[in-house]
Amino acid sequence: MSIGILLGLVLVLPIVLTIVLDPRFSVEDATLTRFALATKPTSLSYNLSTVIRVHNPNYYFGIYYDQVQAHFLFEGQRFDWLTLSTFYQHRKKTYKYYPVIGGQSDITLGSTGLNNFMRENQTGLFNLEVRIDAYVRFKPHKNGFMINVVKE
Ligand SMILES: *[C@@H]1O[C@H](CO)[C@@H](O)[C@H](O)[C@H]1NC(C)=O
Ligand SMILES: *[C@@H]1O[C@H](CO)[C@@H](O)[C@H](O)[C@H]1NC(C)=O
């Protein structure tokens, strides 16, 4: 290795190691067994189970998930939410949440929202939104090595 490359590594590596990437949330699966609308007053009855994947993309940082909430929305209106469990995630690891919600919730839909419901209700394919709010802390990962050293 040339001295130039070595010097480059020495200069760049500490910078790379201190870049902190946010956790990545994605919905891996969703099953809707009930999604019905009643009018006057407008309310939704629903049963929904989801699989939410959480990935820590960092090579150097573990992540503490101190507070995690999942919010479920239809037409921008929240109809349910849950607190998810807190945990510590090691670097480069993936975790899955399996939130299940069911119940009835009052909801305010404008005429557009109502039309969208009717249209989606005919196809059976609903456009829902899951929003995750999370408070996280990053913990630097440290490597420790046990060594045997012979005293001279
Ligand atoms: C949605 O569709 C179901 C059956 O396809 C029907 O029974 C129900 O009345 C519809 N809901 C509304 C609000 O129109
Ligand atoms: C749907 O949700 C309701 C209310 O939480 C619950 O009582 C019912 O058992 C659920 N049904 C299914 C099929 O999960």
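**The ligand 2 shell and two loops**

Around ligand 2, the shell is made up of four polar residues, with no nonpolar and no charged ones in the mix. The four are Thr-33, Asn-47, Gly-102 and Gly-103. Keep in mind that this is a predicted model.

Next come the loops. The loop between β1, which covers 24-38, and β2, which covers 43-55, holds Pro-41. Lys-40 has its place in that loop between β1 and β2 too. These residues are joined to each other, Lys-40 to Pro-41, by a cis peptide bond whose omega is about -10 degrees. Lys-40 also shows up with a positive phi, near 55 degrees, even though this residue is not a glycine. Is Lys-40 buried or exposed? Lys-40 counts as exposed because just 5 C-beta neighbours fall inside 10 Å, and the cut-off for being exposed is 12 or fewer.

A second loop runs between β3 (61-74) and β4 (77-84), and this is where Glu-75 sits. Glu-75 is not a glycine either, yet its phi is positive, at about 55 degrees. And what about its surroundings: is Glu-75 buried or exposed? There are 20 other C-beta atoms within 10 Å of Glu-75, so this residue is buried; the cut-off for that label is 20 or more.

Put side by side, the pair looks like this: Lys-40 has a positive phi near 55 degrees and is exposed, whereas Glu-75 has a positive phi of about 55 degrees and is buried.

Definitions and conventions: Residues numbered from 1 in each chain as written. Chains lettered and ligands numbered in written order. Predicted model: local features only at pLDDT ≥ 70, side-chain atom pairs only at ≥ 80, totals over all residues. Near = placed C-beta within 6 Å. Nonpolar A, V, L, I, M, F, W, Y, C, P; charged D, E, K, R; others polar. Helix = DSSP H or I, 4+ residues; strand = E, 2+ residues; numbered from the N terminus.
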